[in-house]
Amino acid sequence: MVQKIERDVNRFRQIVRGRIKQDLRKYLSHGEMIGKQGRDLVSIPLPQLDIPHFRYGDKGNGGVSSGEGEDGQPVGPGQQGDGNGQAGNSPGGHILEVDVPLAELAEILGEELELPRIQPKSAENIIVTKDKYTGVSRTGPDSLRHFKRTYKRALRRQITSGSYSADNPIIVPIKEDQRYRSSKTSEHPDARAVVIYMMDVSGSMGDEQKEIVRIESFWIDTWLRSQYEGIETRYIVHDADAHEVDEHTFFRTRESGGTMISSAYKLCQQMIAADYPTAEWNIYALHFSDGDNWADDDAVCLQILREGLLPNLNLFGYAQVNSPYGSGRFLDALRSRLSLVENVALSEIPDRDAILESIKALLGKGR
Amino acid sequence: MSLTETVHRLVVERTPFHDQLQPIVARDEGITLRCDLNSAESVGCTLSQIDLVDASKSSLSMDELVHWAEFICGRVTYLLEPLQLIELDGRHGIALVRSRRPQRKKDQIAYYELIADKNHHASLRRYRYDMTNRDRGSVPFPLTHEQLEVLVDDLVESAKSIHGSHA
């Protein structure tokens with residue numbers, strides 16, 4: 001039977017969920033909530049949310065009280081003090097922070113953007129076995145001895161045989177009392193996935209552009225994690241040269257070099273060849289840049305994409321962020337050559353408000 | 001006659017003219033300066049491009065290229081926006097200098113772009129990016145005659161300030 005408090009909690013979660021959906025665009029375009037990300041939860045500030053509370057009727061105003069004081073003694077505010085505090089000059093806020101599981105956030109994102117669920121390409125190819133300790137057996141190694149069960153068996157035997165003394169409660173297990181944890185092996189198909197994020201960190205990519213990339217990749221990551229268990233992520237930054245970095249460096253590094261997008265694609269190709277057999281892995285390569293590529297490099301990029309990357313990828317996503325100088329031409333080069341390719345998704349992000357549409361463009365193919 | 005004086009004389013000789021491209025080329029001590037003028041009148045002129053090549057030297061190192069680009073950014077402070085070094089391409093030996101704060105009006109962004117390369121070639125243009133059709137094109141930029149003289153002076157001085165290996 002569902003208890004009333006559980007119903008209330010569910011109701012509260014529905015309200016929170018509704019509010020997040022309502023303001024999803026705002027949450028998508030503001031990065032502050034990402035900074036509050038825990039391992040599995042994200043703290044989301046929800047203003048003006050009416051949280052459930054008790055309401056008293058008129059009859060609740062009177063009643064009998066206890067404590068010091070005589071009958072008829074007035075109960076009211078005390079004497080005014082001579083404090084010198086000053087009133088604040090900003091409006092009071094009623095911000096409630098709610099912890100929302102990342103999985104639920106991904107679900108909301110999927111519903112709101114009508115994202116199709118991803119069909120992993122290799123689920124049936126790989127069968128993984130998992131051992132789970134679910135039972136108890138009479139034999140096993142000492143390292144798996146179930147102390148509590150063993151103790152109970154010994155106690156029961158001593159009580160039934162009359163050798164147990166309440167005054168001297170010493171329990172000595174014998175061999176027949178020993179119980180061990182036993183595992184059960186199960187087999188299930190496994191879909192392994194890796195996302196390779198690539199970002200242009202050349203001089204023309206400013207802080208605002210990187211922030212947009214950070215926000216967008218957080219949401220893409222959240223969605224992909226909800227679709228695959230234990231997804232791997234790799235990060236590549238590039239200007240004229242590319243190198244692999246960790247997540248922290250990915251979003252904070254800045255180089256002064258020119259833009260040579262092909263350097264990142266080459267490294268991505270090497271990474272896949274070295275670590276991710278394409279028959280077993282669902283591979284996503286997502287690239288963010290302002291598109292200000294050196295002109296003669298576009299052709300090299302297209303060649304690497306066509307011959308090296310696209311045949312091995314579930315999805316290649318390219319999102320072009322507008323820089324203070326406008327938008328580069330690389331997106332046009334890709335659009336003119338690759339827009340009809342099934343596993344290519346292209347989008348443009350003029351500003352933060354366009355993040356939502358960009359995510360939909362990148363993930364809307366359900367690959 | 002210095003390059004600045006030559007350029008000034010050539011502009012004055014052609015003034016006034018409107019809406020026609022008139023290239024002016026001046027040479028002195030191995031340095032060639034070319035201005036593509038679009039119009040000129042008594043107060044000033046509009047240029048679509050100004051180019052400088054120092055043929056007396058070649059092969060700047062990256063450090064020298066940076067020094068050159070930064071020298072120009074530090075000296076050329078009288079344009080519509082100050083300049084800053086944006087990118088350095090070591091592979092091609094190119095420094096990209098642009099307006100620090102591009103001018104934004106409605107759907108258009110305008111900024112200066114100066115490309116300096118290791119072969120002692122610097123080229124200054126002004127670009128306008130149109131956000132509606134996502135197109136970038138070069139546009140003429142105005143300078144008074146005095147500004148043009150100072151700009152030519154500064155570019156020539158910047159070229160002379162860097163060493164490079166003699167050709």
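**Exercise 1. Locate Arg252(A) in its helix and decide whether Arg252(A) is buried or exposed.**

Solution. Arg252(A) has its place in helix α6 of chain A, which covers residues 247-252. The model examined here is a predicted one. The next step is the relative accessible area, which for Arg252(A) is 51%. A residue counts as exposed over 50%; Arg252(A) is therefore exposed. Finally, the C-alpha atom of Arg252(A) is separated by 9.5 Å from that of Arg214(A), a residue 38 residues apart along the chain.

**Exercise 2. Test whether the span of helix α3(A) agrees with its number of residues, and list its buried residues.**

Solution. Helix α3 of chain A comprises 12 residues, 102-113. The expected span is 1.5 Å times one less than the number of residues. This gives 16 Å, and because the end C-alpha atoms are 16 Å apart, the two values agree. Buried residues are those under 20% relative accessible area. In α3(A) they are Leu102(A), Glu104(A), Leu105(A), Ala106(A), Ile108(A), Leu109(A), Gly110(A) and Leu113(A). Just beyond the helix, Glu114(A) adopts a positive phi of about 55°.

**Exercise 3. Describe the six-stranded sheet of chain A and the pairing of β5 with β8.**

Solution. The strand order is β7-β6-β5-β8-β9-β10, in an open sheet with mixed pairing. The edges are formed by β7 (242-245) and β10 (344-349) of chain A, each of which pairs on one side only. From one strand to the next, the twist averages 20°. Within the sheet, β5 (residues 192-200) and β8 (residues 281-289) of chain A run parallel and are joined by eight bridges. One such partnership links Val194(A) with Ile283(A) in β8(A).

**Exercise 4. Characterise the hairpin of β1(B) and β2(B).**

Solution. Strands β1 (residues 22-28) and β2 (residues 31-40) of chain B are antiparallel and share seven bridges. Arg27(B) has Thr32(B) as its bridge partner in β2(B). Two residues lie between the strands, and Glu29(B) takes a positive phi near 50° in this hairpin.

**Exercise 5. State the volume of the second largest pocket and analyse its lining.**

Solution. The second largest pocket holds about 450 Å³ of space. Its lining has 26 residues, of which Asp292(A), Asn293(A), Arg329(A), Arg98(B) and Arg136(B) are the closest to the centre. By strand, β6 (94-99), β8 (108-117) and β10 (135-139) of chain B each contribute at least two lining residues. By residue class, the lining divides into nine nonpolar, seven polar and 10 charged residues.

Methods:
Residues numbered from 1 in each chain as written. Chains lettered and ligands numbered in written order. Predicted model: local features only at pLDDT ≥ 70, side-chain atom pairs only at ≥ 80, totals over all residues. Heavy atoms only, no water. 1 Å grid on protein atoms, 1.4 Å probe; cavity = no way out; pocket = protein on both sides within 12 Å on 5 of 7 lines; lining within 4 Å. Points joined across faces, edges and corners; volume = space filled by probe spheres on them. Helix = DSSP H or I, 4+ residues; strand = E, 2+ residues; numbered from the N terminus. Nonpolar A, V, L, I, M, F, W, Y, C, P; charged D, E, K, R; others polar. Pairing = 2+ DSSP bridges. Axes fitted to C-alpha atoms, helices over the stretch in contact; angles between N-to-C directions. Buried < 20%, exposed > 50% of the residue type's maximum accessible area, 1.4 Å probe, protein only.
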